[in-house]
Amino acid sequence: MFQLYFEDQLRSVEDQFKNFMRNGNMPEYTVELFTPSLEEANQNGFGSCASVNYNPSKNKHVYKVWPVVFQDVRRAEPLLFHELTHMLDIEKFCSGDKNAYFCLRGYMEYHAAQVDLSRGLGTQFWDEVPEFSIHDKVNMYPDNLKVIDWLESTHAMARDIISKPDFPVSYQVLSGAIGILCNFLGRLSICDIFAVDADGLPDTLRDTTLERKILGEEYEELEKLFVNFLSDELVCRTFDPYYHLMMKLALRIH
């Protein structure tokens, strides 16, 4: 009974998402309810109330979601839209292709972050954002944040993880850290396109000295590509630098 109720809630959010993206080409998926692990989040340096697991061999999606977020669906929409964007991109660029799915993951996080910030700002369509200020509040779960605060917290989280002496301690931590950096770049791009005061962003948010030192030229190449809205051709150009970045860093896993 509870499972069906929350599935209906998510399907209703999906309908709004399709309108928001002007794209109804969503794949089939199953819904799995779960409770986030605080211990795991503390260990990895990050956690989530929702995620999408994709099995390219079976071409199946599982949308995992914490039922508590449906207590305030409106505020949870940026989070829920973020994960739905992953499924939309998988369906478009790499459905059933294990290698392409691996290479797409950088763009998936970049694009999903563009979508979640756009939704959090209350826009009608993801790529048509009215002018806003970096000091405006974003509607998000569990608490509203100013745009600038969301950018800074995302950036700080990623930097904290990659600057640890034992980074990367596991592939999960590696993938999560790079994903968070791509999230940051996605939200930063929305600010650069639409924020009236984007020039007022702190220099620390644009200084990538630490990232380039730890992650190398492959990350720098990704960063140059992750600007504005990407054409399909540019999305595919992100595959090689993301692949080589992850393969290089995976060799450092302790």
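What follows is a friendly exchange about a predicted model.

Colleague: Let's begin with the strands. Which strand does strand 1 join, and over how many bridges?

Modeller: Strand 1 covers residues 29-33, and its partner covers residues 60-65. The two run parallel. Within this pairing, Thr30 has Val62 as its bridge partner. The partner is strand 3, and the number of bridges is 5.

Colleague: In which sense do strand 2 and strand 3 pair, parallel or antiparallel?

Modeller: Strand 2 spans residues 50-55, and 6 bridges connect it with strand 3. One of the bridge pairs puts Ser51 opposite Lys64 of strand 3. The sense of this pairing is antiparallel.

Colleague: Which residue takes a positive phi in the hairpin of strand 2 and strand 3?

Modeller: There are 4 residues between the strands of that hairpin. The residue in question lies in the loop between strand 2 and strand 3, and it is not a glycine, although its phi is about 55°. With a relative accessible area of 37%, it is partly exposed. It is Asn59.

Colleague: And Arg22, which has a positive phi: is it buried or partly exposed?

Modeller: Arg22 sits in the loop between helix 1 (2-21) and strand 1. Its phi is about 55° although it is not a glycine. Its relative accessible area of 42% falls between the 20% and 50% cut-offs, so Arg22 counts as partly exposed.

Colleague: I also like to check peptide bonds. What is omega for the bond that joins Tyr141 and Pro142?

Modeller: Pro142 belongs to the loop between strand 4 and strand 5 (145-146). The bond that joins Tyr141 to Pro142 is cis. Its omega is about 0°.

Colleague: Which residue does the cis peptide bond from Phe167 lead to?

Modeller: Omega for this bond is near -5°. The residue lies in the loop between helix 5 (147-162) and helix 6 (171-194). It is Pro168.

Colleague: Let's turn to Ser133. Is it buried or exposed?

Modeller: Ser133 is in the loop between helix 4 (98-120) and strand 4 (137-138). Its relative accessible area is 17%. The cut-off for a buried residue is under 20%, so Ser133 is buried.

Colleague: With which side chain does the side chain of Ser133 make a polar contact?

Modeller: Leaving out residues up to four places away in sequence, Ser133 touches Val147, Val196 and Asp197. Ser133 is also 8.6 Å from Phe194, C-alpha to C-alpha, with 61 residues separating the two in sequence. The polar contact of its side chain has a distance of 2.7 Å, and the partner is Asp197.

Colleague: Where does helix 3 bend?

Modeller: Helix 3 runs over residues 73-93, and its 21 residues should span 30 Å at 1.5 Å a residue. The end C-alpha atoms are 29 Å apart, which agrees. Of the 21 residues, 15 are buried, so helix 3 is largely enclosed by the rest of the structure. The bend is about 35°, and it falls at Leu79.

Colleague: How far apart are the end C-alpha atoms of helix 6?

Modeller: Helix 6 has 24 residues, and 20 of them are buried, leaving the helix mostly covered. At 1.5 Å a residue, helix 6 should span 34 Å. The distance between its end C-alpha atoms agrees with that, at 35 Å.

Colleague: Which residues is Arg187 in contact with, leaving aside its neighbours within four places in sequence?

Modeller: Arg187 is found in helix 6. Its relative accessibility is 7%, so Arg187 counts as buried. Its contacts are His82, Ala113, Asp116, Leu117, Trp150, Leu151 and Thr154.

Colleague: Finally, the cysteines. How many disulfides does the structure hold?

Modeller: A disulfide is a covalent bond between the sulfur atoms of two cysteines. The sulfur of Cys103 is 9.4 Å from the closest cysteine sulfur, in Cys94, and that is too far for a bond. The number of disulfides is 0.

Colleague: And what is the relative accessibility of Cys94?

Modeller: Cys103 counts as buried at 12% relative accessibility. Cys94 also counts as buried. For Cys94 the value is 3%.

Methods. Residues are numbered from 1 along each chain as its sequence is written. This is a predicted model: local features need pLDDT of at least 70, side-chain atom pairs count only at pLDDT 80 or more; totals for chains, interfaces and linings use all residues. Side-chain values use heavy atoms; hydrogens and water are left out. Two strands pair if DSSP finds at least two bridges between them. Buried means under 20% relative accessible area, exposed over 50%, partly exposed in between (1.4 Å probe, protein chains only). Contact means heavy atoms within 4.5 Å. A polar contact is a pair of N or O atoms within 3.5 Å; within protein, one must be able to donate a hydrogen and the other to accept it, and residues adjacent in sequence count only if both atoms are side-chain atoms. The expected span of a helix is 1.5 Å times one less than its number of residues. The bend at a residue is the angle between axes fitted to the seven residues ending there and the seven starting there. A disulfide is a pair of cysteine sulfur atoms within 2.5 Å.
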